[in-house]
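Colleague: I have a new model open and would like to learn how to read it. Could you take me through some features, one at a time?

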Amino acid sequence: METEDEQSNTMMEEIYSNGGEESARNRPIISGEQLDIEAYASLYQGRTKITRLMFIAEHCDNTSMQLEALRMAYDEIKKGENTQLFREVVQKIDGRLGPSYTMDVAWCDSVDRRAEQRKEKLENELNAYRTNLIKESIRMGYNDFGDFYYAHGALGDAFKSYVRTRDYCTTSKHIIHMCMSTILVSIEMGQFTHVASYVSKAEQTPEALELTTIAKLRCAAGLAHLEAKKYKLAARKFLEVGPDLGSSYNEVIASQDVATYGGLCALASFDRAELKSKVIDSVSFRNFLELVPEVRELINDFHSSHYASCLDYLGNLKANLLLDIHLHDHVETLYDQIRNKALIQYTHPFVSVDLQMMANAFKTSVAGLEKELETLITDNEIQARIDSHNKILYARHADQRNATFQRVLQTGKEFDQDLRAMLLRANILKYEYNLRASRKL
């Protein structure tokens with residue numbers, strides 16, 4: 001079955017460790033427990049905490065989890081001033097949480113009345129600043145307006161106000177502050193092209209960037225690449241996030257998210273060497289992985305070719321990952337890419353592979369495995385052919401001798417063509433052919 005007879009015992013041990021019946025690895029697998037919403041929500045603050053809770057309530061099939069998420073969102077909203085979100089949550093609750101979680105008209109009227117008074121005051125102050133032409137005061141006025149609109153859920157108006165401060169920025173720190181505010185609103189709006197643009201703008205003033213700010217920009221850039229399905233670029237950005245991040249950006253992302261997003265994107269897009277050097281051996285990223293042991297273990301299992309254990313971890317994580325506001329659209333794609341990479345790496349060392357043994361390793365049926373392998377062979381990801389009768393995959397290793405001869409012949413032809421072209425040009429110049437033709441004209 002193997003390329004070298006003397007390696008057969010080693011390879012057989014490898015196969016069994018990949019999921020065969022004689023596997024001696026009894027590492028505990030995380031259970032498929034439902035998400036601890038309270039612990040999850042405690043990782044975040046501000047608007048993202050509310051939107052994540054509402055996202056869970058909308059996409060979760062478990063009624064008790066839905067109501068728990070809506071209850072926490074209700075309580076969180078009442079700490080702020082966003083009556084628009086409050087009405088949405090009350091509508092979703094629909095009286096299912098009792099009289100304590102119904103429409104509070106008095107609170108909404110009070111908040112809206114204070115908002116109108118606050119807005120009128122900000123407008124008067126801004127008009128006065130613009131009359132006096134004091135740039136710093138005008139900048140602060142627009143910034144206050146951005147904060148006001150953001151707090152009340154008017155994200156479009158908040159974005160416009162923050163952008164307007166750009167014309168009145170007088171220092172690098174002002175530019176950084178404008179960029180970070182705009183990035184925050186853009187992420188909430190889902191406008192990730194703006195996120196990438198303002199991350200780039202902030203990075204153009206490196207002298208004003210603190211380590212914490214750099215870490216935040218890496219996170220924002222990673223989210224932008226993730227949304228664009230550029231998983232390799234996203235992985236690189238998340239891997240560049242320094243330990244200075246801590247919980248300083250929990251209005252957008254938690255450190256656990258950095259580990260999860262970065263780890264899964266790296267698994268889906270990095271080759272084996274890159275996975276080892278940039279993820280497993282990375283001292284800074286290891287600190288993030290310690291926060292999410294499941295992701296750490298599945299990365300180690302994948303690199304160690306223990307695919308059965310790796311796929312178990314992925315299977316148990318999937319339900320909770322589908323409730324993540326940024327990752328849910330990418331879970332299926334990432335899982336497919338990770339599984340395909342595992343299949344390719346499994347078959348790579350062998351001349352022939354028993355499909356029954358491979359199916360056991362990947363916890364699937366032989367028929368299902370054949371379909372997966374057919375797709376990979378068709379896409380030219382695996383150089384092999386399938387013996388459907390005997391259920392064996394045979395590798396098609398290229399004839400290196402013949403390929404070398406073909407390359408030599410091709411190089412000779414190219415050299416001959418280049419030499420003939422050079423001689424032709426030399427003769428044309430020697431006999432001044434172009435010059436004579438121009439004179440005749």
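Modeller: Gladly! Let us begin with helix length: the expected span of a helix is 1.5 Å times one less than its number of residues. Keep in mind that this is a predicted model.

Colleague: What does helix 17 reach from its first C-alpha to its last?

Modeller: Helix 17 covers residues 307-321, which is 15 residues, and reaches 20 Å, close to the 21 Å expected. Its buried residues include Tyr307, Cys310, Leu314 and Leu321.

Colleague: Which helices do the buried residues of helix 17 pack against?

Modeller: They pack against helix 13, helix 14 (272-280), helix 16 (293-303), helix 18 (331-347) and helix 19 (355-361). For the wider setting, the protein chain has 22 helices and three strands, and 44% of its 441 residues count as buried.

Colleague: Now for charges. How many salt bridges does the structure hold?

Modeller: A salt bridge needs a side-chain nitrogen of Lys or Arg within 4 Å of a carboxyl oxygen of Asp or Glu. The structure holds 22 salt bridges. One of them joins glutamate 188 and arginine 47, with the closest N and O atoms 3.5 Å apart. Glutamate 188 is in helix 9 (residues 172-189) and arginine 47 in helix 3 (residues 47-59), so this pair ties together parts that are 141 residues apart in sequence.

Colleague: Are glutamate 188 and arginine 47 buried or exposed?

Modeller: Both glutamate 188 and arginine 47 are buried. Compare lysine 276 and aspartate 281, another salt bridge with its closest N and O atoms 3.5 Å apart. There, lysine 276 is partly exposed at 34% relative accessible area, and aspartate 281 is partly exposed at 39%.

Colleague: Which side chain of opposite charge is nearest to glutamate 251?

Modeller: That is lysine 216, 4.6 Å away; glutamate 251 is buried yet has no salt bridge. Glutamate 251 sits in the loop between helix 12 (231-239) and helix 13 (255-269). Leaving aside residues up to four places away in sequence, glutamate 251 touches Gln45, Thr48, Leu184 and Glu188. You met Glu188 a moment ago as the partner of arginine 47.

Colleague: Let us finish on the surface. Which residues make the nonpolar surface patch of about 440 Å²?

Modeller: Phe415, Leu419, Met422 and Leu423 make that patch. Take methionine 422, found in helix 21 (residues 400-430). Exposed means over 50% relative accessible area, and methionine 422 is exposed at 57%.

Technical notes. Residues numbered from 1 in each chain as written. Predicted model: local features only at pLDDT ≥ 70, side-chain atom pairs only at ≥ 80, totals over all residues. Heavy atoms only, no water. Patch = residues over 30% accessible without salt bridge, like charges linked within 9 Å, V, L, I, M, F, W, Y side chains within 5 Å. Areas by Shrake-Rupley, 256 points an atom, 1.4 Å probe, with all protein chains shown as cover. Helix = DSSP H or I, 4+ residues; strand = E, 2+ residues; numbered from the N terminus. Buried < 20%, exposed > 50% of the residue type's maximum accessible area, 1.4 Å probe, protein only. Lys, Arg positive; Asp, Glu negative; His and termini not counted. Contact = heavy atoms within 4.5 Å.
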